[in-house]
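Morning, everyone. I have one structure to go through today, and I will keep to strands, core and surface. Please have a look at it first.

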Amino acid sequence: MEKKFVLGDVVILITDGPQMVVEGYFLNEDTPGKFTESDELVNVVYFAGDSFKRDTFHQDLLLFADEAEG
């Protein structure tokens, strides 16, 4: 699957929610010390009212924030 996002992209969930900033794609640890970057799972950071949260979503659940507003 082709990666849609890069570090710093502002995105939202397709179901609406807070704006989130892309941190990068999820890293799978294949063997101790050897990592493979996911092609589908995206790590994001967002503010949840009282603190910053970090979460992982499938890229198909995310839209660019500016596309969703229009």
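Before the strands, one term: two strands count as paired if DSSP finds at least two bridges between them. Also, this is a predicted model.

Start with strand β3, residues 34-47, and strand β4, residues 52-58. They run antiparallel, and seven bridges join them. To give one pair, V44 has D55 in β4 as its bridge partner. Four residues sit between the strands in this hairpin, and there G49 takes a positive phi near 90°.

On its other pairing, β3 is joined to strand β2, residues 20-31, by eight bridges, and these two also run antiparallel. Here L27 stands opposite E37 in β3. The hairpin of β2 and β3 has two residues between the strands, and G33 has a positive phi near 85°.

Now the inside. Which residues make up the largest nonpolar core? There are eleven: F5, V11, L13, M20, V22, Y25, V42, V44, Y46, F57 and L62. At least two residues of this core come from each of β1 (10-13), β2 and β3.

Take F57 as an example. Leaving aside neighbours within four places in sequence, F57 is in contact with L13, M20, E40, L41, V42, V44 and L62.

Last, the surface. I14, L61 and L63 form a nonpolar patch there, with about 230 Å² of accessible area together. L63 belongs to strand β5, residues 62-64. Why does L63 count as partly exposed? Because its relative accessibility is 33%, and partly exposed covers what lies between under 20%, which is buried, and over 50%, which is exposed.

That is my part done.

Methods
Residues are numbered from 1 along each chain as its sequence is written. This is a predicted model: local features need pLDDT of at least 70, side-chain atom pairs count only at pLDDT 80 or more; totals for chains, interfaces and linings use all residues. Side-chain values use heavy atoms; hydrogens and water are left out. A nonpolar core is a set of buried Ala, Val, Leu, Ile, Met, Phe, Trp, Tyr and Cys residues joined through side-chain atoms within 4.5 Å. Buried means under 20% relative accessible area, exposed over 50%, partly exposed in between (1.4 Å probe, protein chains only). Contact means heavy atoms within 4.5 Å. Patches are made of residues with over 30% relative accessible area and no salt bridge: like charges are joined within 9 Å, nonpolar side chains (Val, Leu, Ile, Met, Phe, Trp, Tyr) within 5 Å. Accessible areas come from the Shrake-Rupley method with a 1.4 Å probe; for residues, only the protein chains shown count as cover. A salt bridge is a side-chain nitrogen of Lys or Arg within 4 Å of a carboxyl oxygen of Asp or Glu.
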